[in-house]
Amino acid sequence: MTDARQLAADTAVQPDEVMFSPAVRSEQACRGSREANARRAAAGRFARELSVDAMAFIAERDSAYLATASADGQPYVQHRGGPPGFLQILNDHTLAFLDYPGNKQFISIGHLAENERAFLFLMDYADALRLKLWGRAEVSTDPELIASLKPSVGLRRLDHAIVFTVLAWDWNCSQHIPRLVPAEPTQIT
């Protein structure tokens with residue numbers, strides 16, 4: 001699909017329709033939360049464009065979880081990390097990050113080759129905050145994009161990035177988030 005056609009399709013679907021499939025809405029109705037979620041959606045609580053607060057939160061992260069699924073629906077979640085700010089905001093509905101080499105299984109990018117649906121889950125354990133981002137993702141080998149995302153210090157050659165287009169986002173309830181704090185880097189003497 002062309003970018004213009006994809007953008008038109010994306011904007012035709014409301015964020016809560018991305019978040020809550022018919023089966024999810026049915027479960028919400030059975031369990032008593034459908035009306036509250038419908039009110040939240042009607043009040044504009046769920047959004048496609050990132051708010052200033054959401055963008056600031058994303059920019060501070062040094063860790064995220066990327067969920068993808070194969071064409072037949074087999075899910076996979078992979079940790080992604082880098083220096084604070086490795087998730088770069090491109091505009092109010094797009095972010096990108098370098099895909100640092102890991103165990104060389106290439107499950108996430110393999111899934112994205114056949115199914116662009118993706119999800120990012122961002123945590124701040126110290127402040128008990130988490131942000132959920134539903135969207136589409138693609139692998140980019142654009143050298144200009146890669147150069148713009150590259151940190152200035154000591155990484156191997158990186159040949160691709162992941163570009164994530166936000167279709168819906170929401171802050172998650174802070175209940176039950178353990179209050180973990182970052183460890184100080186170990187000094188080897």
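## Exercises on the sheet around β6

Strand β5 (residues 117-124) pairs with β6 in the antiparallel sense, over eight bridges. Keep in mind as you work that this is a predicted model.

**Exercise 1.** Find what joins β5 to β6, and which residue stands opposite L129.

*Solution.* Start at the connection: β5 and β6 form a hairpin with four residues between them. In that turn, A128 has a positive phi of about 55°. Now step onto the strands, where L129 in β6 has D124 opposite.

**Exercise 2.** Work out how many bridges join β6 to β7, and which residue in β7 stands opposite G135.

*Solution.* Look at β7 (residues 161-171): 10 bridges join this strand to β6, and the two run antiparallel. Then pick out G135, which has V166 in β7 opposite.

**Exercise 3.** Place the strands in their sheet order and say which stand at the edges.

*Solution.* The sheet is open, with seven strands in the order β2-β1-β5-β6-β7-β4-β3 and antiparallel pairing. β2 (75-81) and β3 (88-91) are at the edges with a single partner strand each, so one side of each has no neighbour in the sheet. From one strand to the next, the twist averages 35°. For β2, go on to its pairing with β1 (residues 63-69): seven bridges join these antiparallel strands, and A64 stands opposite R80 in β2.

**Exercise 4.** Decide how many residues of β6 are buried, and which strands helix α5 lies across.

*Solution.* Take β6 (residues 129-140) by itself: nine of its 12 residues are buried, leaving the strand mostly covered. Next, follow α5 (residues 52-60), which lies across β3, β4 (94-98), β5, β6 and β7. This helix runs at about 75° to β6.

Terms used: Residues are numbered from 1 along each chain as its sequence is written. This is a predicted model: local features need pLDDT of at least 70, side-chain atom pairs count only at pLDDT 80 or more; totals for chains, interfaces and linings use all residues. Side-chain values use heavy atoms; hydrogens and water are left out. Buried means under 20% relative accessible area, exposed over 50%, partly exposed in between (1.4 Å probe, protein chains only). Two strands pair if DSSP finds at least two bridges between them. Axes are lines fitted to C-alpha atoms, for helices over the stretch in contact, and angles run from 0 to 180 degrees between N-to-C directions. Contact means heavy atoms within 4.5 Å.
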